[in-house]
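Biologist: Could you take me through one part of this model up close? I'd like to look at the place where the two chains meet, seen mainly from the side of chain B.

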Amino acid sequence: MGTKMADLDSGQKLLGVPPPPDGVGGGSCSGISTELIRSLTELQELEAVYQRLCGEEKVVERELDALLEQQNTIESKMVTLHRMGPNLQLIEGDAKQLAGMITFTCNLAENVSSKVRQLDLAKNRLYQAIQRADDILDLKFCMDGVQTALRNEDYEQAAAHIHRYLCLDKSVIELSRQGKEGSMIDANLKLLQEAEQRLKAIVTEKFAIATKEGDLPQVERFFKIFPLLGLHEEGLSKFSEYLCKQVASKAEENLLLVLGTDMSDRRAAVIFADTLTLLFEGIARIVETHQPIVETYYGPGRLYTLIKYLQVECDGQVEKVVDKFIKQRDYHQQFRHVQNNLMRNSTSEKIEPRELDPILTEVTLMNARSELYLRFLRKRISSDFEVGDSMASEEVKQEHQKSLDKLLNNCLLSCTMQELIGLYITMEEYFMRETVNKAVALDTFEKGQLTSSMVDDVFYIVKKCIGRALSSSSIDCLCAMINLATTELESDFRDVLCNKLRMGFPATTFQDIQRGVTSAVNIMHSSLQQGKFDTKGIESTDEAKLSFLVTLNNVEVCSENISTLKKTLESDCTKLFNQGIGGEQAQAKFDSCLSDLVAVSNKFRDLLQEGLMELNSTAIKPQVQPWINTFLSVSHNIEEEEFNDYEANDPWVQQFILNLEQQMAEFKASLSPVIYDSLTSLMTSLVAVELEKVVLKSTFNRLGGLQFDKELRSLIAYLTTVTTWTIRDKFARLSQMATILNLERVTEILDYWGANSGPLTWRLTPAEVRQVLALRIDFRSEDIKRLRL
Amino acid sequence: MRSSVMPLGPTVSQDRVITSFPKWYTPAACLQLREHFHGQVSAACQHRNTGTVGLKLSKVVVVGDLYVGKTSLIHRFCKNVFDRDYKATIGVDFEMERFEVAGIPFSLQIWDTAGQEKFKCIASAYYRGAQVIITAFDLTDMQTLEHTRQWLEDALRENEPGACFLFLVGTKKDLLSGAACKQAEAEAVRLANEMQAEYWSVSAKTGENVKAFFSRVAALAFEHSVLQDLERRSSARPQVGDGDIIRMEGHPPETQDSKRPSSPGCC
C-alpha cells in the first residue's frame, strides 16, 4: 500500500497535477468525525452534516477518477523502465573495465617518475660532490696561492684567494674536515686562516704607511683590497680618514690664506663664503673622483658611509670657518647691536644700515653654497641608494631615506647655517626697516611726476631684501623675509601714507574760487611773482593739496607694485623649486606667505578708495554743489521767446560744464589715469545725485521740460567724453525725469509705462513718476492722481 | 580679505567632519561654554551662505619651549604617528589639515615653530596673521609652563590685539599619574585664565584628546570666520565681486544699455 501511494504521488508529480487542497481529500479523513455525527440530535443539523458529507464524497470521487486516468501513462513508463534494465548492466561492465585501465596507467606513471626522481637526486648529489671536490681543490689552490702571493707581495692576488676562501660554503669545509683527509685539510685551513690574518695586518699596515706618505696610488691599491677581505666598513673608514686629512690640510691652508687676505681684495667682502665654497668644492671633487672606486669595489649603497665620515670632517672645518667669520666680521656683536636698535625707544646709537649690507650678502651667499653642497650630497647618496636598493623591500628603502635625511638635516653644517640665517633675518629686518624709514624721510617729489620718490625707493628696498633672502636658497629664510616685508608694508609704510591722507585735502580758499582754479602749481608761481599775497598761506595749502594727490598716486602704485613683486617672486621661486630646493611643503609654505603679501595690496586699494572719497567730499562736492544750485535761478517755466533766447545765450549748462572742466583739469594733471578715472566716476555720481535734488525743487512747463532735456543731453554728452566708463546708468533716473517733463499730456506717460515700456527699465517708482509729473505746472493734479501706474 | 588658494579637491576624511560643536576640555578655562554653533552661524551654514569661508583657511601657530612636543602633537593629529626619536625642529614646519565644519569645507594651516632659542629669530617671522595661537608646555616640567607667558607675549606682538584665539596646551599627559596631573592642571588653568586662553591636556603618545582638541580649534576658528564674514558683508560698502550674482533678465541683448542689470559696486 505504501509503495503504491508513493507511486501515485510520483505519478502526480510527473503529470504536474497539483495536490488536492488540505483537509478536503488526498486520503485524509473527512473533517466531520463520527462522534460529532452521533452527538447530533437535531434534524436540521443532521441534514447539514449530511449535505457536507455528500459534497465531500463527490470530491473524493472526482479525485479517484483523476487518479485512475493516470494509470495508463504510469504503466507505459514502467514498461520503458523495464526495457532499460539490460542496457544499464552493459554500461556498468564498461565502466569497471575503464577504471581498471586507469589504475594500471597510474601505477605505471608512478613507477616511471619515481625512477626519474631517483635519477635527479643522484644527479644533485653528484653535483654537490663535484662542488665539494672543487671547493676542496679551491681551498688547496687558495692556500698555495696565498702563500706564493704573499711571498711575492702580490697582495691583490693573495686577497683574491682569501676572498675565494671566504666565499666558500662554510659547511662544506666543516664536512671536509670530518672526511678521511681531515687532518690535512685542517692544517690547510689553519694556514689559510693565518694567511688571512697576516694579510689583514699587512694591508692595514701598508695602508697606514701609504696614508702617512700621501701616496694616493698605494692608498687606492689597499683600499681596493679591504672589501676582498670582508672589511668593507674598515676600508671605508680608513679611506675616509685619509680623505679627511686631505680635506683638513687643504681647508687649513685656505683659512690661512683668508687671514692673510688684503681687505682691498676684490673678493674680500665675501672671502668667508669663498672659503666655504672651496671647502665644499674640495669635498665634492673627492666624492666625484672616488665614487667609481667605491661603487666598483664596495658595491652600490656604500657611498652613504663614506660621506658620513667625510661630513664629520666637513662639519669641523665649517665650524672653524664660521668661527673665524663670526670673529672677524663681529657678526654676533652686530646682531646684538641691531637687536638693541630694533627695540622700541632704544637709546643706543643706531647702526647705519648700509654698513650691514656686505655682511648680509656674505651670509646669504654662505648659506646658498651650503644648500648647494647638501643638495649635491643628497642627489649622489640617493642615486647610490637607489641602485643598491633596487631589489630591497620598501622598509629598507625608507630606512635608508631616513638615515640620509638625518645625516643631512642634523649635521653641524645645517645647524650652523640655520643659526647664522636666524641672526641674518633679524639684521635683514633691521636693514629693511631702517632703509625704508630713510626713504620715507628723504621723500622728494619732482614736478611732472605723478608719484614721489619714496614709493619706488621703498619697493626697491623690499625687493632687494627679499631678493637677498631668496639668494640664500633657504625657503624658510625667504618666507620669513616675505612675512617681515608684509608686516613692514602693511603696518609701518601704510601708516605713513595713511597719515598723509589723514591730513586731508585742504578746502579751497576764496581766492581760488574767484580765479577759477587752474593748476595749483600755476597759482603758486603767479602769486610768487606778483608778490601781492601772503604767499605762505597759499603755498602751504597748495603744497598740502599736491601732497594729498601725490599720496593718492603713491597708494595706487603701491598696490600695483605689490602685485608686480608677487609675480616676480613667483617666477623666481619656480626656478628654485624646479631645482628641487626645499621639501614637499616648501611650495605650500611659500604660497601661503605670498598670499599674505598680496592681501596687503587690497589694503592699499581700500586706502585709495578712502582717499578718493575724502577728495570727492572735501574738494569736489563744495564746488559742484553751488554750481548745480544755480540751476534753481534759471526759470524753466518759459515761453517760446525765452526758449529761443536760451538757445542763443545758454543760461546754465555751458557755464557748469566749463566749471567742471576747469576743476577736473587740475586733478587730471596730477593724478594717475586710473585714479583720475575713479575720481571722475565719483564726480559724475555726485553730479547726478545733486542735479536730481535741484530738479525736484524746480517747476517746469512744456518748453521748460524741453529746455531741461537739452541741458541734460549736453551735460551727458560732455561727461561721456571725460569718463571711460559708461555714465548712462548713473544718469538713467535723470533721463527718465527729462522724458516725463517733456510729455505733451499726462496720459502720454502710459505710452512708456508698464507693458509699453519696451526696452526701457524704469528707475523711478510710480510715486516718483507722479512727483515728477507734478513739477509740470501745466499738468492738472487730478489727471496725475487719476493715472494708473 | 585673504585671497588664499585653497584646493577644492577631494572631500575630507570622515574623522575631519565636525557636525556638532566640540566641547571644551574644562569649563574652568575655556573660551566659550556654548555647546552648539552660534545661531547665525548654523543658519548661514544651512543656507550655504557662508561667503568665502569655505574657501578660506585659518592660520594656527604653535609655540612653546623646546622638547615639550609641539611637533609630536601636530604629527599625531595630522599623520597619526608618534615618533619617539627626538629631532629638533629647524625654523618652521607646516601642515595643512582639511575639515568639514557644519557641512562647509574649512582648513587649518598649522605652523610648527622651533622651540630652540637660536631659531627664534626665524620662527618669530611666522607669527603674523595668526587666527589661533597654541602655546604648548610639558605637564611634567612646570618650568615650561612658566615660559608660556613669554612665548605668548612674543606671538601676540606680531598680531593685532584681540584677533587671536589663545590655547594653552599641556603635553605628555601619559607620563603623569592622575593626582600629579590634577595638580599640574590646576596650576595651568590658573595661568590660562590669566592669559584668557582655553586649557587642554593632551598626549601625543597615546593620542588622548588630540583629535578633540584640534576639532575644538577648528570649530572655534570656523565660527569666528563665519561671523566675521557675515559682519563684514552686512557693514561693508559693496565691493567689486561682493555683489549678488548678476541675474540676467530675459531681454534681448541689444537693448541692454538702458537697463543694465545693476550689481552693487559694478558701476
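Modeller: Here is a walk through the contact, followed by a few words on chain A. Keep in mind that this is a predicted model.

Let's start with who takes part: chain B brings 31 residues to the contact, and chain A brings 43 residues. Between them the two chains bury about 3100 Å², with 53% of that on carbon and sulfur atoms. If you want residues to click on in chain B, go for Phe94(B), Ile122(B) and Arg128(B), which lose the most area to chain A and together make up 19% of what that side buries.

Arg128(B) turns up again when we get to charges: it forms a salt bridge with Glu490(A), and the closest N and O atoms sit 2.4 Å apart. The count of salt bridges between chain B and chain A is three, and eight residue pairs are in polar contact, both residues being at pLDDT 80 or more.

As for where chain B's side comes from, the elements giving two or more residues to it are β3 (92-101), β4 (104-113) and α3 (120-124) of chain B. β3(B) supplies the largest share, four residues. By type, the residues on this side split into 13 charged, eleven nonpolar and seven polar.

Now the partner. Chain A has 27 helices and zero strands. It runs to 789 residues, and 42% of them count as buried. Looking at its contacts between residues at least 6 apart in sequence, 79% join residues at least 24 apart. Chain A exposes about 43100 Å², and carbon and sulfur atoms supply 55% of that.

Key: Residues are numbered from 1 along each chain as its sequence is written. Chains are lettered from A and ligands numbered from 1 in the order in which they are written. This is a predicted model: local features need pLDDT of at least 70, side-chain atom pairs count only at pLDDT 80 or more; totals for chains, interfaces and linings use all residues. Side-chain values use heavy atoms; hydrogens and water are left out. Contact means heavy atoms within 4.5 Å. Buried area is the accessible area (1.4 Å probe) that two parts lose on being put together, summed over both. A salt bridge is a side-chain nitrogen of Lys or Arg within 4 Å of a carboxyl oxygen of Asp or Glu. A polar contact is a pair of N or O atoms within 3.5 Å; within protein, one must be able to donate a hydrogen and the other to accept it, and residues adjacent in sequence count only if both atoms are side-chain atoms. Ala, Val, Leu, Ile, Met, Phe, Trp, Tyr, Cys and Pro count as nonpolar, Asp, Glu, Lys and Arg as charged, and the others, Gly among them, as polar. Buried means under 20% relative accessible area, exposed over 50%, partly exposed in between (1.4 Å probe, protein chains only). Accessible areas come from the Shrake-Rupley method with a 1.4 Å probe; for residues, only the protein chains shown count as cover.
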